Each structure stands twice: as C-alpha cells, then as structure tokens.
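Hi,

Here is the structure I promised to pass on. Please open it alongside this note; my findings follow below.

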Amino acid sequence: MDTRGAVDQLAKVPMFSGCTKRELQAVVTAAKEVSHPEGHVIAREGDRGVGFFLITDGKVKVSIGGRGRATLGPGDFFGEISLLDRGPRTATVTAMSPVKLIGITFWVFRGLLEQHPTIAMKVLEVVAKRLRDMTKSPTG
C-alpha cells in the first residue's frame, strides 16, 4: 500500500480533516488494503456496517432502494459513520470494475482511538460541526 498517497487521500475525508499527518499515518497503518472484482457487492443497504472504505483504484456504484445514486472513484470514500456506530448501511455499494480499497473496521478503529485519543477528539469535533451545521435554522 502506498502509505504517503493513502495519508494524503485520507486527509481529504471530512471526518479525518483535522488530524495531523502523524495521526493519519496511524490510521493508515491500522487499515488493510482490500480488493474486489467487478460486480461484487461491497456494502448492502440495511446490513450492519463494519467500517470505512477509501477507494484507491477502480469505480463503485452507490444505490439506494435499487436506484443508482452516484458513482465513486479513487479518493472517494464510504462507510465513515459505521466507524462510530456500526449502524445499518444507508446504501448498497457495488464494484463497477476491479476495485482496490483501504478499509478499517469498527473494532480496529476503536482500538486506534484508545491508543491515540487525539484522533477521537478531532473526529468528534468534525462530527459535532456537521451535526450543528445540519440542524441550523435557515435564515432569511
């Protein structure tokens, strides 16, 4: 795995945007590289989420209720909320080509946060800001 490239890509993920390079390196080190063939369902809507995935190569299709919603490619990601709550997947993600991902499971991420509490604080700050932004009253 190209750790420098993975760190740079991870820095663009909103949930990890406040982390230092050293903290991002710790996340990448804890992650695993995963490959899936074209047509493989990587995440299924309604199933319990097991973790976060960053796409490093290939394309995936995101569908909700059987309807295509988006195509994601290198640098895109999915499953970040599953790192926090292991809740049900909100969409199905299917490989449109052979795809390579960097994945980190809920339980590995939990251990990482215990070892690096500063990552936990930064992730919480980003999540809190996103929640606050979503619940602000529209003005005007």
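**What I found**

Helix 1 (residues 3–10) lies across strand 3 (51–57) and strand 8, and runs at about 120° to strand 3. Please keep in mind that this is a predicted model.

Now the sheet. It is open and has 4 strands, in the order 1-8-3-6, with antiparallel pairing. Strand 1 (32–36) and strand 6 (77–78) are at the edges; each has a single partner strand, so one side of each has no neighbour in the sheet. Strand 1 is joined to strand 8 (residues 99–105) by 5 bridges, and the two run antiparallel. Look for histidine 36: it stands opposite valine 99 in strand 8.

Next, the pockets. The largest has a volume of about 380 Å³. It is lined by 19 residues, and Phe78, Gly79, Glu80, Thr90 and Ala91 are the closest to its centre. Strand 4 (60–64), strand 5 (67–72), strand 6 and helix 3 (82–85) each give two or more residues to this lining. Strand 5 gives the most, with 3 residues. By type, the lining of the largest pocket has 11 nonpolar, 4 polar and 4 charged residues.

The second largest pocket has a volume of about 150 Å³. Its lining consists of Glu80, Ile81, Leu84, Val127, Arg130, Leu131 and Met134. Helix 5 (residues 117–135) supplies the largest share, 4 residues. Here the split is 5 nonpolar, no polar and 2 charged.

Glu80 is worth finding on screen: it is among the residues closest to the centre of the largest pocket, and it also lines the second largest pocket.

Best wishes

Note on methods:
Residues numbered from 1 in each chain as written. Predicted model: local features only at pLDDT ≥ 70, side-chain atom pairs only at ≥ 80, totals over all residues. Heavy atoms only, no water. Pairing = 2+ DSSP bridges. Contact = heavy atoms within 4.5 Å. Axes fitted to C-alpha atoms, helices over the stretch in contact; angles between N-to-C directions. 1 Å grid on protein atoms, 1.4 Å probe; cavity = no way out; pocket = protein on both sides within 12 Å on 5 of 7 lines; lining within 4 Å. Points joined across faces, edges and corners; volume = space filled by probe spheres on them. Nonpolar A, V, L, I, M, F, W, Y, C, P; charged D, E, K, R; others polar.
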